[in-house]
Amino acid sequence: MARKRYQTQTAETLLGEDGIVRVKMFSDTRESLADAKENIAVFARLCDGRKRPVMIDLGGSRSISQDARRYYSSDEAGRHISASALIVSSPVSRVLGSFFLGLNKPAYPLKLFTSEAEALKWLKEFGS
């Protein structure tokens, strides 16, 4: 499978050879609803109509608006996502990840990780 890579204002998104989509949020990102819609559109393009697992590195992410969190949890976003692993490493990204899990109940499995290797191991259970 050829590797595909796209960049938006808030993230770089890559479809790996293993069929797992990797999203790296840029440092100091403040994500709005428009950004979330752009990121899901890129994800949908990469997936070519198939549901795929996604690993999202929140890394330097600063904030995600309530509307963006709702959109990421929506049925529209869920049409493309089989499972989502959120990588958290900083105190801010842990708060963002926990906040997302606590207030938004997506239609797909979602779990927080501090290790990329553990996240990938878990995501492989959801196919590609």
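How many residues does the hairpin that joins β1 to β2 run through? Three residues make the link. That's a handy place to start a tour of this model, which is a predicted one.

Let's stay with those two strands for a moment. Strand β1 covers residues 4-7 and strand β2 covers residues 11-15. They pair in the antiparallel sense, over four bridges. One contact to look for is K4, whose bridge partner in β2 is L15. Keep K4 in mind, as it comes back below.

**The whole chain**

Now zoom out. The protein chain has five helices and eight strands. Reading along the sequence, you meet them in the pattern β-β-β-β-α-β-β-α-α-β-α-β-α. Of the 128 residues in the protein chain, 48% are buried. The chain exposes about 6,500 Å², and carbon and sulfur atoms supply 51% of that area.

How do the contacts spread along the sequence? Take the contacts between residues at least 6 apart in sequence: 74% of them join residues at least 24 apart.

For a single example, try S82, found in strand β7 (residues 81-87). Leave aside its neighbours within four places in sequence, and S82 is in contact with K51, R52, P53, Y108, P109 and F126. Is S82 buried or exposed? S82 has a relative accessible area of 15%, so it counts as buried, the cut-off being under 20%.

**Salt bridges**

Side chains of opposite charge can pair when their charged atoms come close. The structure holds six salt bridges, and here are three to look up, including the N to O distance for each.

| Salt bridge | N to O distance |
|---|---|
| D48 and K4 | 3.1 Å |
| R22 and D18 | 2.8 Å |
| D67 and R70 | 3.3 Å |

The D48 and K4 pair links distant parts of the chain, with the two residues 44 residues apart. K4 sits in strand β1, while D48 is in the loop between α1 and β5. So the K4 we met as the bridge partner of L15 also forms a salt bridge with D48 through its side chain. As for cover, K4 is partly exposed, with a relative accessible area of 29%. D48 is exposed, at 56% relative accessibility, because the cut-off for that label is over 50%.

The D67 and R70 pair is a local affair: both residues lie in helix α2 (residues 66-72). They are three residues apart, about one turn of the helix. Both ends are partly exposed, D67 with a relative accessible area of 43% and R70 with 46%.

In the remaining pair of the table, the side chains of R22 and D18 meet. D18 is partly exposed here, with a relative accessible area of 30%.

**Two residues with positive phi**

Most residues other than glycine have a negative phi. Which way does D48 go, positive or negative? Its phi is positive, near 50 degrees. The loop that holds D48 runs between α1 (33-47) and β5 (52-57).

D28 has a positive value too, with phi near 60 degrees. Look for D28 in the loop between β3 (21-25) and β4 (30-31).

To round off, D48 is a good residue to click on: it forms a salt bridge with K4, it has a positive phi, and it is exposed.

How values were computed. Residues are numbered from 1 along each chain as its sequence is written. This is a predicted model: local features need pLDDT of at least 70, side-chain atom pairs count only at pLDDT 80 or more; totals for chains, interfaces and linings use all residues. Side-chain values use heavy atoms; hydrogens and water are left out. Buried means under 20% relative accessible area, exposed over 50%, partly exposed in between (1.4 Å probe, protein chains only). Two strands pair if DSSP finds at least two bridges between them. Contact means heavy atoms within 4.5 Å. Accessible areas come from the Shrake-Rupley method with a 1.4 Å probe; for residues, only the protein chains shown count as cover. A salt bridge is a side-chain nitrogen of Lys or Arg within 4 Å of a carboxyl oxygen of Asp or Glu.
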